[in-house]
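Please find below my notes on this structure, set out as numbered points for a colleague who has not seen it before. They are meant to be read with the sequence and the coordinates open alongside.

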Amino acid sequence: MIKGFEVADVFNQYPGIHEVLDKGLTRKGETFYEWGVRKELQALTTLGAYLSDMFGAGPALEHSAAQALSYRQHYIVPYLWKIVRAALDKAEGLDALKLQFLKTFKTHPKLKEYLDKPDGEIPGGQYALKNGYQPLLQKIIAKDKTEVRLSCPVTDLEWGEAKEEVGGGKKKQTKKKIGWLVTTTMVESEGEGEDEKKSELRNKQNDGGDDNEAKNGSDKDSNAAAATTGTPTTTTTATTTATTTTEAFDCVIVCGLGKFDFLPPKHPAKELLSMMKVNPGLETWLVELESWDEERFGKTNSIVFGERTTNFGTRKGLPYDSRPYALSKDYADSNIVGCIAYPDDKLNKEEKEKLMREELKLELGASVKRVIGFRRFHWPVHVPPEAEKKDFFDKLHKLQGQRQLYFVGEAFSSAGVQACIDWIEEFMPWHFPMHNIAPSAK
């Protein structure tokens, strides 16, 4: 376990999968399971894989070791510490072992920080925003004056010439601009089933994952015809309106998932990105319960239940049966809970809801008063071991910034919000030195 602390600390110093491979912390194409056997750290890989599988990112042991070890290290350290503390507290008759642990911790430059800290103050851990991400994003958008468009996937992107109007009144001029021509399609629906119609149209345009958006696009080796930016073309059906707009940008950052169908056919990134894979993912429910047993479960709690979770952290396979295996109750003043399941896509939504209700009744004795929300999504997108062997990350790194085109996302940083934040702090100063921040470990 002490070795586990040291490994987690080392990997936290190198955000991003490419950095982990570049430093030789794992071998290209090595699975998480193979790495644990080679390093004789199967206890650490079991714990790490269990956490990944628990959060819907499994089967972790079959993933790239670099990807798995870059995923949610901020969870692994606190769990390791709790295991060590529990072992020390319960080690009756093992005073010599206790002394060995304490001596090791006291003399270790990193581990000594843990000795006097209660569990709630352990460095790392799960950080949650009390009011969720939306208020934070709204503040960032307002401060930076960022324009955000939802339900607006990128459908085409090419390098070419555009006409741009500058000035006003008699000084108004039309100038030619060479740059990225980004075509987006705004989807608007009316009436019953609006969200489903939007989702269906988005999936047809950009199949392969959720949130397949581009923050301004890629490169097309073609002599594109001149385009007038910002001129929409509207197509209307009985219930859905799709407005297509082409705009020109100097710099394009592609972030998200999917098949990247909007990339030009001959762009080298297209074949490279096609090597990425997406897991079957998970589905989540937000429901209000008729009642909550505070005596059994407390006012708030996160609960894992069901025998199917015994396969987590192993190579035995995950329970793709649409039965929830965990839930979280975050607020003491309501009976609203969120629950998670690995999906069975042979079932329709009504059948999945029936299983969800049955499972909560069976495991908690709780009845569902109302369903607030349901989401089925494929996640995470990742680079498989076989793609690593073909130098995926070295090749992508060389493509970054060509004609001011960049690629970001969980496939390169590993999954999880914190992993993305850590990697962006490395990515931005390296590729955008105008911020005058020296990249670390380069």
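1. Before any residue is discussed, one term needs fixing: buried means under 20% relative accessible area, exposed over 50%, and partly exposed in between, with a 1.4 Å probe and protein chains only. By that rule Val 417, whose relative accessible area is 43%, is partly exposed.

2. This is a predicted model, in which local features need pLDDT of at least 70 and side-chain atom pairs count only at pLDDT 80 or more, whereas totals for chains, interfaces and linings use all residues. Residues are numbered from 1 along each chain as its sequence is written, and side-chain values use heavy atoms, with hydrogens and water left out.

3. For the overall picture, the protein has 16 helices and 15 strands, these being DSSP runs numbered from the N terminus (H or I and at least four residues for a helix, E and at least two for a strand). Of the 442 residues in the protein, 43% are buried. The protein exposes about 24200 Å², of which carbon and sulfur atoms supply 50%; accessible areas come from the Shrake-Rupley method with a 1.4 Å probe, and for residues only the protein chains shown count as cover.

4. Val 417, which has its place in helix H16, belongs to a nonpolar surface patch of about 860 Å², whose other members include Leu 129, Tyr 133, Leu 136 and Ile 421. Patches are made of residues with over 30% relative accessible area and no salt bridge, like charges being joined within 9 Å and nonpolar side chains (Val, Leu, Ile, Met, Phe, Trp, Tyr) within 5 Å. Helix H8 (133–144) and helix H16 (417–431) each supply at least two residues of this patch, and the largest share, five residues, comes from H8.

5. A search of the whole structure finds 16 salt bridges, where a salt bridge is a side-chain nitrogen of Lys or Arg within 4 Å of a carboxyl oxygen of Asp or Glu. One of them joins Glu 283 and Lys 352, at 2.9 Å from N to O. Because Glu 283 lies in strand S9 (residues 282–289) and Lys 352 in helix H12 (residues 349–364), the pair ties together parts that are 69 residues apart in sequence. Both Glu 283 and Lys 352 are buried, and the two are linked with Asp 345 and Arg 376 in a network of salt bridges.

6. Two further salt bridges can be set beside that pair. Glu 161 and Lys 176 meet through their side chains at 3.9 Å, N to O, and this pair links distant parts of the chain, with Glu 161 in strand S1 (residues 154–166) and Lys 176 in strand S2 (residues 173–189), 15 residues apart. Glu 161 is partly exposed at 25% relative accessible area, while Lys 176, at 65%, counts as exposed. Arg 149 forms a salt bridge with Glu 147, their closest N and O atoms being 2.9 Å apart; Arg 149 is partly exposed, with 29%, and Glu 147 is exposed, with 62%.

7. Which residues outside glycine show a positive phi? Lys 145, with a phi of about 55°, is one of them, and it lies in the loop between H8 and S1, where its 72% relative accessibility counts as exposed. Asp 391 is another, with phi near 60°; its place is in the loop between helix H13 (385–389) and helix H14 (392–399), and it is partly exposed at 30%.

8. Cis peptide bonds also deserve a look. One joins Gly 58 and Pro 59, with omega of about 5°, and Pro 59 is found in the loop between H4 and helix H5 (65–69). The bond from Trp 379 to Pro 380 is cis as well, with omega near -10°, and Pro 380 sits in the loop between strand S13 (368–377) and strand S14 (381–382).

9. Finally, a loop position: Gly 306 lies between strand S10 (301–304) and strand S11 (326–329), and at 19% relative accessibility it counts as buried. The C-alpha atoms of Gly 306 and Glu 359 are separated by 8.6 Å, although these residues are 53 residues apart along the chain.
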